[in-house]
Amino acid sequence: MKSKTLLASVFCISAVTMTSYELLKMLLVPNISIWQSHITTICVTSIIATTCAYFLMKHITKLQEQANIEKVQVFRATMHQTMHIVGNFLNNMLYFKEKLESLPDDEQALYEEIVHSTGNELKELRDLERDIVEEIKKN
């Protein structure tokens with residue numbers, strides 16, 4: 001509904017502006033030829049349309065930049081929360097490491113490998129986060 005109201009407002013403002021322009025043109029230059037009148041009107045409306053398009057593009061660019069900033073913030077918050085959860089898990093696993101000393105050496109080595117591998121994957125995820133944030137900022 002809001003967009004219909006906006007479009008109706010733009011139509012009315014345009015109609016009133018152009019009618020006023022045409023009346024003013026006829027009052028100020030009553031002997032203007034029809035083609036001079038047409039060319040003048042074409043130039044004026046082209047300038048107005050170009051100016052409106054410029055400000056519209058500027059506004060759209062600003063909205064896109066704000067959306068990208070919000071995407072980066074949400075992504076970073078998600079990544080930090082994920083890394084926090086997994087980091088807590090790894091710390092808990094270290095607690096159990098002391099309890100596992102009674103296990104055979106090969107099982108202890110497997111445990112160490114799993115914890116070490118998960119830590120490395122977290123580091124890779126952190127590095128990937130930087131790349132993804134840069135990609136979001138570009139778009």
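In this predicted model, Tyr54 has a relative accessibility of 46% and is therefore classed as partly exposed. The same residue takes part in an aromatic pair, and a search of the whole structure finds one such pair. Its partner is Phe55: the ring centres of Y54 and F55 lie 5.1 Å apart with their planes at 75°, so the arrangement is edge-to-face. That label follows because planes over 60 degrees apart count as edge-to-face.

Turning to the interior, the largest nonpolar core consists of five residues, namely M83, L90, Y111, V115 and L122. Two elements each supply two or more of its members, α2 (34-99) and α3 (105-138). Helix α3 provides the largest share, with three residues. Such a grouping fits a familiar pattern, because nonpolar side chains tend to be buried together in soluble globular proteins. Within this core, L90 offers a helpful close-up: once residues up to four places away in sequence are set aside, L90 touches V115, T118, G119 and L122. Of these contacts, V115 and L122 are themselves listed among the core residues.

Charged side chains come next. The whole structure contains one salt bridge, and the side chains that form it are those of K25 and E22, with an N to O distance of 3.2 Å. Both residues sit in helix α1 (residues 2-28), and because they are three residues apart there, about one helical turn separates them. Their surroundings can be described residue by residue. K25 has 6% relative accessibility and so counts as buried, whereas E22, with a relative accessible area of 26%, is partly exposed.

Both partners of the salt bridge reappear around S37, a residue of helix α2. Leaving aside neighbours within four places in sequence, S37 contacts E22, K25, M26 and I32. The relative accessibility of S37 is 7%, which means that this serine counts as buried.

Finally, the cysteines deserve a brief look. A search of the whole structure finds zero disulfides. C12 is in none, and the nearest cysteine sulfur to it, that of C52, is 15 Å away. With a relative accessible area of 44%, C12 is partly exposed. For C43, the closest cysteine sulfur is likewise in C52, at 16 Å, and therefore too far for a bond; a disulfide would require the two sulfur atoms to be within 2.5 Å. C43 has 42% relative accessibility, so this cysteine also counts as partly exposed.

Technical notes: Residues are numbered from 1 along each chain as its sequence is written. This is a predicted model: local features need pLDDT of at least 70, side-chain atom pairs count only at pLDDT 80 or more; totals for chains, interfaces and linings use all residues. Side-chain values use heavy atoms; hydrogens and water are left out. Rings of Phe, Tyr and Trp (its six-membered ring) pair if their centres lie within 6.5 Å; planes under 30 degrees apart count as stacked, over 60 as edge-to-face and the rest as tilted. Buried means under 20% relative accessible area, exposed over 50%, partly exposed in between (1.4 Å probe, protein chains only). A nonpolar core is a set of buried Ala, Val, Leu, Ile, Met, Phe, Trp, Tyr and Cys residues joined through side-chain atoms within 4.5 Å. Helices (H or I, at least four residues) and strands (E, at least two) are DSSP runs, numbered from the N terminus. Contact means heavy atoms within 4.5 Å. A salt bridge is a side-chain nitrogen of Lys or Arg within 4 Å of a carboxyl oxygen of Asp or Glu.
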